[in-house]
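Please look at the salt bridges of the following structure, and at one pair of helices that pack together.

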Amino acid sequence: GVTASLPEDVVADVPETFRPDRNWVGVAGRARSVPYNTDRFDESEVPDDVFAFAENAELGGQTGWAPTYGAFQSFVTAMRLTTSDRRTREWLNGMQEAGVSKYPDEFLVSNAVADGEVGAGFANHYYALRVQADRPDAPIDLAFTSGDAGALVNVSGAEVVKTSDATELATNFVHHLLTVEAQEFFATRTFAYPMLPGVPPVGGLPPIDELNPPEIDLSKLADIGPTLRLMRETGVL
């Protein structure tokens, strides 16, 4: 209730999912993904169902995650909201029973995949692209699940506080972040998904409209408290 509604002409080119009620707008996209070691797996061997990792003990035991990392906790929150706490608890327990490996952050997960410490992992897509940029010969590529929390597309967003005495300046800055030039900068320098459909992603990524994320109100990902309780109860944290 403290943000100003952004003008339609500022956000019009951004898909509605990433500008709910014009209270905020996404400026850079981040897709959940499965980085995998190409020496260990073919793309066809990586499940497109995130729950399959917990159901297949051999696969789950070759997987890495970063449970203290905010992006992972948003992913678990999305799993809770799109399924149930019970199903999420079962998945968390199943992954632990399979012997999932724990890392401090998702860049380290992606590096562990490239090093062959694990065969696959859960991470935002750009971490694998950063590994590829630093290590062009590293045996790492990306796969995506479909229609579940493992395919969540989240964003970095911008909003304008209505009580500011510089709302016009702030709105102009948001407008700048959504120009082709700024979107190309985010894509080429940070490997983020552009929010403008006319700006292609880099690194061989599929266009954002070819991904199949779950239907979810991204603002509800702020409901992190029940997620943290569940992760503590299961011993993940």
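Does Glu-8 count as buried, exposed or partly exposed, and at what relative accessibility? Glu-8 counts as partly exposed because its relative accessibility is 38%, where buried means under 20% relative accessible area, exposed over 50% and partly exposed in between, with a 1.4 Å probe and protein chains only. The model is predicted, so local features need pLDDT of at least 70 and side-chain atom pairs count only at pLDDT 80 or more, while totals for chains, interfaces and linings use all residues. Residues are numbered from 1 along each chain as its sequence is written, and side-chain values use heavy atoms, with hydrogens and water left out.

The structure holds 8 salt bridges, each being a side-chain nitrogen of Lys or Arg within 4 Å of a carboxyl oxygen of Asp or Glu. Among them are these:

| Pair | N to O distance |
|---|---|
| Glu-8 and Arg-19 | 3.9 Å |
| Glu-8 and Arg-22 | 3.6 Å |
| Glu-106 and Arg-32 | 2.9 Å |

Glu-8, Arg-19 and Arg-22 are linked in a network of salt bridges. Arg-19 counts as buried, at 12% relative accessibility, whereas Arg-22, at 27%, counts as partly exposed. In the third pair of the table, both Glu-106 and Arg-32 are buried.

Glu-106 also belongs to the residues of helix 6 that meet helix 7, including Tyr-127 and Arg-130, where contact means heavy atoms within 4.5 Å. Helices here are DSSP runs (H or I) of at least four residues, numbered from the N terminus. Of the residues in this contact, 5 are nonpolar, 2 polar and 3 charged, with Ala, Val, Leu, Ile, Met, Phe, Trp, Tyr, Cys and Pro counted as nonpolar, Asp, Glu, Lys and Arg as charged, and the others, Gly among them, as polar.

How values were computed: Helix = DSSP H or I, 4+ residues; strand = E, 2+ residues; numbered from the N terminus.
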